[in-house]
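Welcome, and please open your viewer. We will go from one selection to the next and look at what is there.

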Amino acid sequence: MTAGMGPLAGVRVVDLSALAPGPFATMLLGDLGADIITVESPAVSRGTSGLEDLPYYGGVSSRRLGTNPLFRSRRSIVVDLKTVGGREIVLDLVSRSDVFLEGFRPGTCDRLGLGYADLVARKAEIIYCSLSGYGQSGELAMRAGHDLNYIAEAGLLSATTRPDQRPGIPLNVVADFASGGLLAAFGIVAALQGRSATGRGCYVDVSMYEGLLGLLQSANTWTTSGSPDPSWGAGLLSGAVPYYDCYQTADGRWLAVAALEPKFFVNLCAAIGRPELVSAHGDPERWAALREAFEETFAADTMEGWLARLAKVDTAVAPVRSISEAFAAGEAAGLVTKDGTVGPLPRLRGWETTTGEVVTRPGAHTREVLAEMGLTQAQVEELLVAGVVAE
């Protein structure tokens, strides 16, 4: 293993996705050395796709400023897939690549002439990844959806909500990025490893909804084993027990307390000056009173005061931070750069991986990639004039 080059160097990925899950998957792969070529539509190039002002897309804001991580570590070409010439360019590019990723509804790529069968005909060992909300088959496959819909149907949203409260929405992190992009990247790497052993390509079918069910299967096992359903704040890890909950401090901040283990609980009670509460740890009948005692105690001092006191104790507490506060703390800890970059992830000792620059303009590499494919400058100009590609 040689340092100085990412472990995925030499792997080329054609990314036909647009929204968060696909670009996140290819960002992870690109950070680790893969050559990511994102194929974008002319509508994105013209700024008429309807995606430009979405916060995570950042067409007119974070992307143009070069701060949107979903567009880093890649190259971008603009191709009109509705033209014969455009489809042929992508097919030719796939024949020179290892992985193809798409994020459309089932059947869309088939209609474009870019389905799995079409690509296998060009390169039998291609790894083809489809990333969708509900998978490629079944009664839900064609249903429209976003992260909020998937976490709602999978049961996660109920587990992050207390009784009689509006469900709390955890951004688009869990479905889009965890059960979507992260599992897609994992599936692609697994398929690459399998191909290196067998020579066979693979179809990777990533369903964000199914991925969420996979992430939640241990929680469901608790329920089927006789524990309370953790939905609506009724579970051990969703707010039912007072020593795994959040408490407001004197300055209106919130402190997360996760003193599940007896040793952490004992240390916590001693540090807050309430040693008499220790015996309530395993007694559910005393939990209501314990919660009231915690609420009263933590409300008596500021967040800064509690953190200073509890820093000296081996217990599990943390401040509930805003995202900007969290990234500021991450920068102080050396985990985040000044421009907000995190990664490459995970950290791989023995490899000197680095994040690539953000592609601020769709089609910034159209000429470069077409030249690598063997097209002359005159041929590229013809394609540009015809609107088959753009820069």
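**Stop one: a loop asparagine**

Select asparagine 68, which counts as buried at 4% relative accessibility; buried means under 20% relative accessible area, exposed over 50%, and partly exposed in between, with a 1.4 Å probe and protein chains only. Before going on, note that this is a predicted model, in which local features need pLDDT of at least 70, side-chain atom pairs count only at pLDDT 80 or more, and totals for chains, interfaces and linings use all residues. Residues are numbered from 1 along each chain as its sequence is written, and side-chain values use heavy atoms, with hydrogens and water left out.

Asparagine 68 sits in the loop between α2 (42-46) and β3 (75-79). Helices (H or I, at least four residues) and strands (E, at least two) are DSSP runs, numbered from the N terminus. Now add leucine 70: its backbone nitrogen is 3.0 Å from a polar atom of the asparagine 68 side chain.

**Stop two: an enclosed helix**

Next, select residues 21-31, helix α1. How many of its 11 residues are buried? The count is 11 of the 11, so helix α1 is largely enclosed by the rest of the structure. Among the buried residues are Phe24, Met27, Leu28 and Leu29.

To see what surrounds them, show β1 (12-15), β2 (35-40), β4 (99-102), β5 (127-132), α8 and α9 (208-224): the buried residues of α1 pack against these elements, where contact means heavy atoms within 4.5 Å. Just after α1, pick glycine 33, which has a positive phi of about 110 degrees.

**Stop three: a position on α8**

Move to helix α8 (residues 173-198) and select alanine 190 within it. Alanine 190 is partly exposed, with a relative accessible area of 40%. Then add cysteine 202, 12 residues away along the chain: the two C-alpha atoms are 9.7 Å apart.

**Stop four: a three-stranded sheet**

Finally, show the open sheet of three strands, in the order β7-β8-β9 with antiparallel pairing; two strands pair if DSSP finds at least two bridges between them. Its edge strands are β7 (244-248) and β9 (317-319), each pairing on one side only.

Zoom in on β8 (residues 254-258), which three bridges join to β9. Here alanine 256 stands opposite alanine 318 in β9. To finish, add helix α12 (residues 303-310), which lies across β8 and β9 and runs at about 30 degrees to β8. For such angles, axes are lines fitted to C-alpha atoms, for helices over the stretch in contact, and angles run from 0 to 180 degrees between N-to-C directions.

Note on methods. A polar contact is a pair of N or O atoms within 3.5 Å; within protein, one must be able to donate a hydrogen and the other to accept it, and residues adjacent in sequence count only if both atoms are side-chain atoms.
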